[in-house]
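Student: I am new to this structure. Can we go through it step by step?

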Amino acid sequence: MSVKGIKSIAIIGTGAVGGYYGAKLAAAGNEVHFLARSDADVIQKDGLIVESLKTNDIHLDDVNVYSSAAQMPVCDLVLITLKTTANQALSAMLDSVVGDSTVICSLQNGYGLESDLQTQFPNNPILGGLCFICSQKIRPGVIQHQDFGSIRFAAEPSAKDVLTLISELFTAANIPTQTTDSLAQARWEKLVWNVPFNGLSVILDATTKEMLDDSKSRALIKDIMLEVIRAAKAYGCTLDESFADKLMNLTDDMSPYFPSMKGDFDNCRPMELYAIYETVLEAAGKVQVPMPKTRMLSQLLSFMDHG
Ligand SMILES: NC(=O)C1=CN([C@@H]2O[C@H](COP(=O)(O)OP(=O)(O)OC[C@H]3O[C@@H](n4cnc5c(N)ncnc54)[C@H](OP(=O)(O)O)[C@@H]3O)[C@@H](O)[C@H]2O)C=CC1
Ligand SMILES: CC(C)(CO)C(=O)C(=O)O
């Protein structure tokens with residue numbers, strides 16, 4: 001199949017990620033349709049606001065916002081920006097907005113997301129977008145962009161020909177992008193960061209900086225990163241152990257940060273344990289890679305989860 005052009009975009013979940021990227025795409029002149037939940041009425045009345053601590057704010061006055069996916073039109077591109085904990089509702093939502101040639105892209109964190117989508121939509125192009133952004137919804141209809149914002153797009157075989165198209169769309173909206181042919185590699189590389197930092201920030205009640213500045217928790221972060229790297233390598237990824245040091249050094253240079261899982265725990269929302277831990281442990285088990293520290297982290301988080 002070929003994709004001629006992207007004229008309409010659906011944002012499935014107008015939160016920290018969906019609200020930010022959707023607002024940028026809309027501000028650049030694209031037709032964007034937003035699915036929201038608790039703040040659909042507020043966005044309808046007052047618009048969608050991105051308050052950025054790093055760049056210009058955005059205020060969209062006239063927003064195509066919906067409280068039900070059933071009311072949304074079929075779109076050329078669908079961006080999935082729910083927390084993965086809400087993915088059980090995703091299938092029905094996508095049925096409303098996905099047509100024969102719709103490109104579907106998950107911007108969520110986790111493992112195995114695109115293969116689930118490809119099973120549901122075997123003939124549609126499926127992409128993953130690995131977001132390097134620090135943002136959160138701070139009030140109904142208001143997203144606070146704290147830092148960064150780039151996306152690394154990677155494709156399932158069905159979508160290799162649309163990678164450039166999607167990348168150009170985002171670049172034109174002033175969103176830095178990269179593309180890569182290996183979705184598996186891109187997903188595993190992101191997990192090398194998310195698996196240690198997301199969960200440990202909850203267990204230790206600490207920011208990235210606090211965890212890295214302490215020699216014991218720094219060593220634990222590295223051990224967990226190495227477990228993820230070993231699993232990734234068993235799946236054919238070209239990653240070596242120096243990638244752990246590279247990511248830790250990059251994180252040393254970030255402002256102190258609570259990953260999104262910490263925000264979920266503190267606000268009594270379910271944590272993304274299935275997509276970030278259970279699927280990874282299951283995948284590692286299939287290739288006989290032991291991940292004892294990751295497993296223990298997952299078990300502790302599971303005890304603490306509000307879900
Ligand atoms: N925040 C960040 O900086 C980063 C997040 N990510 C990943 O991006 C994904 C999205 O995270 P994030 O944007 O932070 O999450 P948020 O919770 O901020 O956004 C998800 C949005 O989906 C909405 N939603 C949930 N269920 C439904 C439903 N049934 N119908 C309609 N809307 C619904 C929520 O509505 P409501 O507002 O009512 O809860 C919320 O606004 C996650 O996988 C996360 O790990 C990746 C990189 C960075
Ligand atoms: C790596 C980071 C911090 C930003 O992209 C993230 O994925 C998260 O907060 O979950």
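The turns below take up the domains, the two ligands and one residue.

Student: Into which domains is the chain divided?

Tutor: Keep in mind that this is a predicted model. The domain bounds come from an automatic or database assignment. By that assignment the chain has two parts, domain 1 (8-181) and domain 2 (185-304).

Student: How many residues of domain 1 are in contact with domain 2?

Tutor: Take the centres over C-alpha atoms, and they are 24 Å apart. Contact asks for heavy atoms within 4.5 Å. On the domain 2 side, 21 residues take part. On the domain 1 side, the number is 24.

Student: Where does ligand 1 lie with respect to the domains?

Tutor: Look at which domains supply its shell. Domain 1 (8-181) gives residues, and domain 2 (185-304) does too. Therefore ligand 1 lies between domain 1 and domain 2.

Student: Which residues come nearest to ligand 1?

Tutor: Its shell holds 26 residues. By class they are 12 nonpolar, 9 polar and 5 charged. The nearest are Val-17, Arg-37, Ser-38, Asn-109 and Glu-272.

Student: How much of the accessible area of ligand 1 does the protein cover?

Tutor: Start with polar contacts to the backbone. Oxygen atoms of ligand 1 lie 3.2 Å from a backbone N or O atom of Thr-14 and 2.8 Å from a polar backbone atom of Val-17. A nitrogen atom of ligand 1 is 3.0 Å from a polar backbone atom of Ser-135. On its own ligand 1 has 880 Å² of accessible area, and the covered part is 88%.

Student: Which element gives the largest share of the shell around ligand 1?

Tutor: Two elements give two or more residues each: helix 1 (16-27) and strand 8 (126-139). The largest share is 5 residues, and it comes from strand 8.

Student: Now ligand 2. Which element gives the most to its shell?

Tutor: Among the residues around ligand 2 are Phe-132, Ile-133, Lys-190, Trp-193 and Asn-194. Strand 8 and helix 6 each supply at least two shell residues. With 4 residues, the top contributor is helix 6.

Student: How many charged residues does the shell around ligand 2 have?

Tutor: The shell draws at least three residues from each of domain 1 (8-181) and domain 2 (185-304). Sorted by class, 6 of its residues are nonpolar and 4 are polar. The charged count is 1.

Student: What percentage of ligand 2 does the protein bury?

Tutor: First, the polar contacts of its oxygen atoms. Side-chain N or O atoms lie 3.1 Å away in Asn-109 and 2.8 Å away in Ser-260. Cys-131 offers a backbone N or O atom at 2.9 Å. Taken alone ligand 2 exposes 280 Å², and the buried part is 96%.

Student: Is Asn-198 buried or exposed?

Tutor: Find Asn-198 in helix 6 (residues 183-204). Its relative accessibility is 2%. Buried means under 20%. So Asn-198 counts as buried.

Student: Which residues does Asn-198 touch?

Tutor: Asn-198 is one of the residues around ligand 2. For its protein contacts, leave out residues up to four places away in sequence. What remains is Trp-193, Pro-259, Ser-260, Met-261, Ile-276 and Tyr-277.

Notes: Residues are numbered from 1 along each chain as its sequence is written. Chains are lettered from A and ligands numbered from 1 in the order in which they are written. This is a predicted model: local features need pLDDT of at least 70, side-chain atom pairs count only at pLDDT 80 or more; totals for chains, interfaces and linings use all residues. Side-chain values use heavy atoms; hydrogens and water are left out. Buried means under 20% relative accessible area, exposed over 50%, partly exposed in between (1.4 Å probe, protein chains only). A residue is near a molecule or strand if one of its heavy atoms lies within 4 Å of it. A polar contact is a pair of N or O atoms within 3.5 Å; within protein, one must be able to donate a hydrogen and the other to accept it, and residues adjacent in sequence count only if both atoms are side-chain atoms. Accessible areas come from the Shrake-Rupley method with a 1.4 Å probe; for residues, only the protein chains shown count as cover. Ala, Val, Leu, Ile, Met, Phe, Trp, Tyr, Cys and Pro count as nonpolar, Asp, Glu, Lys and Arg as charged, and the others, Gly among them, as polar.
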